[in-house]
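Colleague: Before I use this model, I would like to go through its fold and a few of its parts. Could you take my questions one at a time?

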Amino acid sequence: MQITDFKLERYFAAYEFKVRYLLSASDCEALTLAELLAMADPAALDLWRGLSLGYTESPGHPLLREEVARLYNGIAPDETLIAAPEELIFIAMNVLLAPGDHVIATFPGYQSLYEVAEALGAAVTRWALAPNSSGWQLDLAALERSITPRTRLLVINFPHNPTGHLPTAAELDTIIALARRHSLHLFSDEMYRLLEYDPAERLPSVADLYERGIALSGLSKSFALPGLRIGWLASHDRAFLARAAAFKDYTTICNSAPSELLGIVALRSRERILARNLAIIRANLALAEQFFAAHRGAFRWLSPRAGSVAFPQLISTTSAADFCRDVLDEKSLMILPGDVFDFGGNHVRIGLGRRNFGEALGVLGERGGTVEG
Ligand SMILES: Cc1ncc(COP(=O)(O)O)c(C=O)c1O
């Protein structure tokens, strides 16, 4: 397979571990092993201490699948498949698509959500979100117009990376009704779910709402454990899951045994971990609002509704790419330019999940005049 470079990941590969301030990370401040083990119940600690480092059950540890299933209303443990999140996108697209198929995907977006489809010979229509006065909005009429007789798959990602947008329940219902009317699979990337700033706005998982819905989630963002490389698919479409499990024999076969056990501990402590991460995000959001209000001549702040990222717009004659490059060179501070999402409009992505967010914003603010430029 020939596939275009993943621009965001290449950007991170160049700078993530070299810069002093990472203002663009999409994950939450990672938990340490000690912090996580301190949350373990005695039974999980026994499993951890006696853990054999052999191959593991290919679809995932049965106890982990049980914990994953608890996150949904009607998903059974055997309606889940555990693997790394990015791996699951690759597997799902390979299983669902053939050359000549048509796919519609939210845009801007995490590149693999549409790039793998294109590499497989599918045609992709990018369903663009647009900024409005209170944040971001979806154009449901445009979605409906994009559906063709060749459309097989609709890919959505809410809470959305990079905008932090969250549709209303009514909008999600409309999306599902369209998918159902046209017998489309609906791949719903829910990696940032459970990080809604207002819990009343949390949407049910697509896995619970739609028989051809496939939800992707994992421990990397909302659970602050990206290094475990644990994610999952949840779906009532058992035939799809069986094909995905068979495809996994060509990727990793099975998951890392320590990661699976730590995943069980994390999901058993989910309320505590989510509360910790939301507290960090809420505090950072307040700082971001102050910062962008103070620099309203330089940036247009577009409020996120959920998750750990936002996508403000740079109001400047300087391009986002040049601005981010200057900040890297002068301040050793990394911000992602909207270019890595192939999205125009001079946006930058900022990450709200890290503890040194305020310090990093302070460093950015020191550029004063240049920011306003
Ligand atoms: C929307 C979205 N989906 C999937 C992933 C992949 O997660 P992971 O890096 O843990 O494989 C990411 C990571 O940034 C993401 O933002």
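The exchange below goes from the whole chain to single strands and one loop residue.

Colleague: How compact is the protein chain for its 373 residues?

Modeller: This is a predicted model. The protein chain has 15 helices and 16 strands. For 373 residues the globule rule gives 21 Å, and the radius of gyration is close to that, so the chain is as compact as a globular protein of that length, at 20 Å.

Colleague: What share of the contacts with a separation of 6 or more joins residues 24 or more positions apart?

Modeller: The C-alpha atoms fill a box of roughly 55 × 55 × 40 Å along the principal axes, and 57% of the 373 residues are buried. Of the contacts with a separation of 6 or more, the part between residues 24 or more positions apart is 75%.

Colleague: How far apart are the centres of the positive and negative side chains?

Modeller: Carbon and sulfur atoms account for 53% of an accessible surface of about 14800 Å². There are 35 positive and 43 negative side chains, and the centres of the two sets are separated by 0 Å.

Colleague: Is Ala30 buried, partly exposed or exposed?

Modeller: Ala30 sits in the loop between strand S1 (21-22) and helix H2 (33-37). Leaving out residues up to four places away in sequence, Ala30 touches Glu35, Ala224 and Arg276. Buried means under 20% relative accessible area and exposed means over 50%. Ala30 has a relative accessible area of 43%, so Ala30 is partly exposed.

Colleague: Which residues of S8 are buried on the side opposite His185, Phe187 and Asp189?

Modeller: In strand S8 (residues 185-189), 5 of 5 residues are buried. In a regular strand the side chains alternate between the two faces of the sheet. In S8 both faces are covered, with His185, Phe187 and Asp189 buried on one side and, on the other, Leu186 and Ser188.

Colleague: Which residue stands opposite Ser188 of S8?

Modeller: Strand S7 (residues 151-157) runs parallel to S8, and 5 bridges join the two. The residue opposite Ser188 is Ile156.

Colleague: Which are the edge strands of the open sheet with the order S12-S16-S15?

Modeller: This sheet has 3 strands with antiparallel pairing. Strand S16 (residues 348-351) is joined to S15 by 2 bridges, and Val348 in S16 is the bridge partner of Pro337. An edge strand here pairs on one side only, and the two are strand S12 (309-310) and strand S15 (336-337).

Methods
Residues are numbered from 1 along each chain as its sequence is written. This is a predicted model: local features need pLDDT of at least 70, side-chain atom pairs count only at pLDDT 80 or more; totals for chains, interfaces and linings use all residues. Side-chain values use heavy atoms; hydrogens and water are left out. Helices (H or I, at least four residues) and strands (E, at least two) are DSSP runs, numbered from the N terminus. The radius of gyration is taken over C-alpha atoms; the globule rule is 2.2 Å times the number of residues to the power 0.38. Buried means under 20% relative accessible area, exposed over 50%, partly exposed in between (1.4 Å probe, protein chains only). Contact means heavy atoms within 4.5 Å. Accessible areas come from the Shrake-Rupley method with a 1.4 Å probe; for residues, only the protein chains shown count as cover. Lys and Arg count as positive and Asp and Glu as negative; His and the chain ends are not counted. The place of a charge is taken as NZ of Lys, CZ of Arg, CG of Asp or CD of Glu. Two strands pair if DSSP finds at least two bridges between them.
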